[in-house]
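Please open the structure in your viewer and keep the sequence panel beside it. The tour below moves from one selection to the next and says what is found at each stop.

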Amino acid sequence: MSRLKDLQKNLFGGTTSNARQFGMIFTLVAIVVLFQILTDGLTLRSDNLIALFQQNSYILILAIGMLMVIVAGHIDLSVGSVAAFAGILVAKSMTDWSLPWPVAILFGLLVGAAIGAWQGFWVAYIGVPAFIVTLAGMLLFRGGNQYIGNANTIPVPEGFRTIGSGFLPEFGPNTGYNNATLLLGLAAAVAVVWREFQARKTRREMDADPAPMWISVLRMAVMVGVIVFASLRFASGRVGTSFPISGIILLVLVIAYSFYTRNTAGGRHIYAVGGNSRAAELSGVKLKRVNFFVMMNMSVLAALAGMIFVARSAASGPQDGNGWELDAIAAVFIGGAAVSGGIGTISGSIVGGLVMAVLNNGLQLMGVGTDRVQIIKGLVLLLAVAIDVYNKSQGRFSVIGSLMRPFRRDDSAPPASPPDAEREPAKAAVSG
């Protein structure tokens, strides 16, 4: 019984972020296993996993930026249109202006920064709600995409397509697998083990009791097992395929933004603004600067997502970006972000995006029509959040709340007791 309590406390209900991340990944694995059974083994086939990552990498990139926007207390409805607008400009720059594709990528990121600065200016310095600004941006940049492209598709050169449809290269001895993918998996497994021991060391330095060693070993075993399995799946695809380049871009962004949001003053300021903007401003946080940054950053990532999609599609078209903002927002909320802001993580949003991606992919493999897929996805999003909110309101177990509790800033320490001067009036009132 004591081991069961240790498992519940430290694996799913503890106070370390590692425990929560394990729980979130466990949930995703359970969904994958379910569809693996329902699709007779098609879900975990190498070609399907590779296609799933390629088809959803741009949505996951959008989810990173959308998480920061939502944590700051805003919403961005323009990301799909911004992605399409940047994509058509980059395609035109290579076909009509003869820009080399690396320069065109830089140009696309600058376009995204300019759009983000435009929208961030209205939100941060004029005070127009982000909902209205980005709704206008959705119409503006969707129209701009169709005007510039004359509602036509514009092809892109072969070199540019690498960022959307390329794979890690083959090298080294013939092992029957893609060696680069195997090395990537090995590096990820080593990182998991190192991070677990660092977390235990940090807790000891803070005079806090780390989780029992068997809990840490179990966490590491499951995480490393998942990484090894995924690495072998990606590395064993048909010749010429492996882990996608777009997946590498996504991994770099996840690592960079996770570090920024959790370990820098700028990242903590975003959470402070979303939690209580007035209190944050009184504490010295530059409110306008934070709001400007999250809006501009979102548009830069939207431009990158648009370029990856165009690269994978080999052409930019007038329908690019339709509905992308809804997928990104759904990923963030399923990943545990709060509607009111102040709560959410990059890793949670990625897991939320993968849940929606696996759900969409699994239903398609089962032969469910597109119309019913949309209905089911909408119901899953609504019911998942509604049940969780209801459970929290009733004081019951909350899946999202349980998974996300250690990521919240106020869970790192118990609430401070009020000063004696504040407690005395309360005692007097009770005694009187």
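## Helix 11 and its cover

Begin by selecting helix 3 (46–71), helix 10 (245–263), helix 12 (277–282) and helix 13 (287–313), which are among the elements that cover the buried residues of helix 11. The model on your screen is a predicted one, and this should be kept in mind at every stop.

Now add helix 11 itself, residues 265–275, and colour Gly-267, Ile-270, Tyr-271, Val-273 and Gly-274, which are buried. If you turn the view until you look down the axis of helix 11, these buried residues fall within an arc of 160°, so they line one face of the helix.

## The whole protein

Zoom out before going further, and show the protein as a cartoon, in which 18 helices and two strands can be traced. The protein has 432 residues, and 46% of them count as buried. If you switch on the surface, its accessible area comes to about 21,200 Å², with 66% of this belonging to carbon and sulfur atoms. Among contacts with a separation of 6 or more, 76% are between residues 24 or more positions apart.

## Gln-54 in helix 3

Return to helix 3 and select Gln-54, which is found there. Is Gln-54 buried or exposed? Its relative accessible area is 10%, and because buried means under 20%, Gln-54 belongs to the buried residues.

To see what surrounds Gln-54, show the side chains of Gly-164, Ser-165, Gly-166, Phe-167, Pro-244, Ser-246 and Arg-312, with which Gln-54 is in contact once its neighbours within four places in sequence are left aside.

## Tilted ring pairs

Stay in helix 3 for the next selection, and show the aromatic side chains, which form 13 aromatic pairs in the structure. Select Phe-53 and Phe-243, whose ring centres are 5.8 Å apart and whose planes meet at 55°, so that the pair counts as tilted. This pair links distant parts of the chain, since Phe-53 lies in helix 3 and Phe-243 in the loop between helix 9 and helix 10, 190 residues apart. Phe-243 counts as buried, with a relative accessibility of 9%.

Then move to Tyr-260 and Phe-293, where the ring centres are 5.8 Å apart and the planes stand at 50°, so this pair is tilted as well. Tyr-260 is in helix 10 and Phe-293 in helix 13, and the pair links distant parts of the chain, 33 residues apart. Tyr-260 counts as partly exposed at 26% relative accessibility, and Phe-293 counts as partly exposed at 27%.

One further selection completes the aromatic part of the tour: Trp-118, Phe-121, Trp-122, Tyr-125 and Phe-292 are linked by ring pairs into a cluster.

## Salt bridges

How many salt bridges does the structure hold? There are six salt bridges, and three of them are visited here, beginning with Arg-45 and Asp-47, whose closest N and O atoms are 2.8 Å apart. Arg-45 is partly exposed with a relative accessible area of 41%, and Asp-47 is partly exposed, also with 41%.

Next select Lys-92 and Asp-96, which form a salt bridge with the closest N and O atoms 2.9 Å apart. Here Lys-92 counts as buried at 18% relative accessibility, whereas Asp-96, at 46%, counts as partly exposed.

For the third bridge, select Arg-219 and Glu-196, whose side chains meet at 2.8 Å, N to O. Arg-219 lies in helix 9 (residues 213–235) and Glu-196 in helix 8 (residues 179–205), so the pair ties together parts that are 23 residues apart in sequence. Both Arg-219 and Glu-196 are buried.

## A nonpolar patch on the surface

Finish on the outside by turning the surface on again and colouring Val-29, Val-33, Ile-37, Leu-218, Val-222 and Val-226, which make a nonpolar surface patch of about 420 Å². Helix 2 (17–38) and helix 9 each supply at least two residues of this patch. As a last selection take Val-33, which is found in helix 2 and counts as partly exposed at 42% relative accessibility.

Definitions and conventions
Residues are numbered from 1 along each chain as its sequence is written. This is a predicted model: local features need pLDDT of at least 70, side-chain atom pairs count only at pLDDT 80 or more; totals for chains, interfaces and linings use all residues. Side-chain values use heavy atoms; hydrogens and water are left out. Buried means under 20% relative accessible area, exposed over 50%, partly exposed in between (1.4 Å probe, protein chains only). Helices (H or I, at least four residues) and strands (E, at least two) are DSSP runs, numbered from the N terminus. The arc is that of the directions from the helix axis to the C-beta atoms. Contact means heavy atoms within 4.5 Å. A salt bridge is a side-chain nitrogen of Lys or Arg within 4 Å of a carboxyl oxygen of Asp or Glu. Patches are made of residues with over 30% relative accessible area and no salt bridge: like charges are joined within 9 Å, nonpolar side chains (Val, Leu, Ile, Met, Phe, Trp, Tyr) within 5 Å. Accessible areas come from the Shrake-Rupley method with a 1.4 Å probe; for residues, only the protein chains shown count as cover. Rings of Phe, Tyr and Trp (its six-membered ring) pair if their centres lie within 6.5 Å; planes under 30 degrees apart count as stacked, over 60 as edge-to-face and the rest as tilted.
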